Amino acid sequence: MFLANGVGMKNFRYYLGLVLLTAVGGVGWWVFQSREIAAKPGALFYPDDVQLVAEGKELYGANCASCHGVNLEGAQNWKTPGEDGLLPAPPHDETGHTWHHPDEMLFGITKFGLAEFANLENYKTNMPIYKDSMSDEEIVAVFSYIKSTWPQEIQNGHDEMNQRNAEAKSPGA
Ligand code: HEC
């Protein structure tokens with residue numbers, strides 16, 4: 001699938017970079033980096049990576065806050081369609097439904113759009129498509145920030161959902 005391939009390619013490039021740098025930089029650096037990039041099963045986001053979360057917060061403020069709220073609170077009356085008949089932007093904090101979706105889906109919606117990713121042809125929405133304006137790394141940073149703001153038990157439940165999602169795709173793996 002496109003998403004898995006894209007992410008696999010990214011990891012591959014990352015590892016290649018690591019191998020090259022390790023050759024010059026030494027083993028200590030390797031140990032440090034490999035700990036830092038350890039993802040939880042099925043996860044694409046890193047809510048525990050303080051630096052990535054800080055970058056994601058900036059990117060969220062610049063790209064998402066105008067609709068989803070400076071404090072992730074969403075638009076007012078976000079459950080009711082607006083005058084244009086379209087749904088307003090939902091919150092990304094724990095009162096919304098962002099945490100109901102696994103990482104892969106959140107990434108896909110943001111990069112490729114609700115219509116394309118969720119296979120809803122002609123679905124009209126004010127949610128932009130970011131494939132030409134944000135890199136994969138930037139999208140990962142934004143959601144790492146968003147996830148880092150959720151209460152711990154919601155983060156834990158979301159980790160389990162990511163794991164179930166990954167297992168459903170590759171049974172027995
Ligand atoms: C121009 C306004 C606007 C901007 C800017 C915007 N969104 Fe949205 N977003 C929406 C709307 C409206 C919806 C609800 C779409 C629907 O259900 O029809 C939405 C829905 C979503 C959803 C699916 C619902 C959910 O919570 O799972 C995700 C994920 C999302 N946006 C992420 C982002 C991210 C990340 C950014 C910044 C990179 C962003 N959005 C920027 C308007 C916006």
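Buried residues make up 23% of the 173 residues of the chain in this predicted model. The secondary structure consists of 8 helices and 0 strands, so that the order of elements from the N terminus reads α-α-α-α-α-α-α-α. Among contacts with a separation of 6 or more, 59% join residues that are 24 or more positions apart.

**Nonpolar core**

The largest nonpolar core comprises 20 residues. Those touching the most other members are Phe45, Ile139, Val140, Val142, Phe143, Tyr145 and Ile146. At least two residues of this core come from each of helix 3, helix 5 and helix 7, and helix 7 provides the largest share, with 7 residues. In soluble globular proteins, nonpolar side chains tend to be buried together. Apart from neighbours within four places in sequence, Val140 contacts Leu44 and Phe45.

**Ligand shell**

The ligand is surrounded by 24 residues, of which the closest are Cys64, Cys67, Thr98, Thr125 and Met127. By class, the shell holds 13 nonpolar and 11 polar residues, and no charged ones. Helix 4 and helix 5 each contribute at least two residues to the shell. Helix 5 therefore takes part in two settings, since at least two of its residues belong to the largest nonpolar core and at least two belong to the shell around the ligand.

The helices named above span the following residues.

| Helix | Residues | Supplies at least two residues of |
|---|---|---|
| Helix 3 | 50–63 | largest nonpolar core |
| Helix 4 | 65–68 | shell around the ligand |
| Helix 5 | 103–112 | largest nonpolar core and shell around the ligand |
| Helix 7 | 136–148 | largest nonpolar core |

Terms used
Residues are numbered from 1 along each chain as its sequence is written. This is a predicted model: local features need pLDDT of at least 70, side-chain atom pairs count only at pLDDT 80 or more; totals for chains, interfaces and linings use all residues. Helices (H or I, at least four residues) and strands (E, at least two) are DSSP runs, numbered from the N terminus. A residue is buried if 20 or more other C-beta atoms lie within 10 Å of its own, exposed if 12 or fewer, and partly exposed in between; C-beta atoms are placed from the backbone. Two residues are in contact if their C-beta atoms, placed from the backbone, lie within 7 Å. A nonpolar core is a set of buried Ala, Val, Leu, Ile, Met, Phe, Trp, Tyr and Cys residues joined through C-beta atoms within 7 Å. A residue is near a molecule or strand if its C-beta atom, placed from the backbone, lies within 6 Å of it. Ala, Val, Leu, Ile, Met, Phe, Trp, Tyr, Cys and Pro count as nonpolar, Asp, Glu, Lys and Arg as charged, and the others, Gly among them, as polar.
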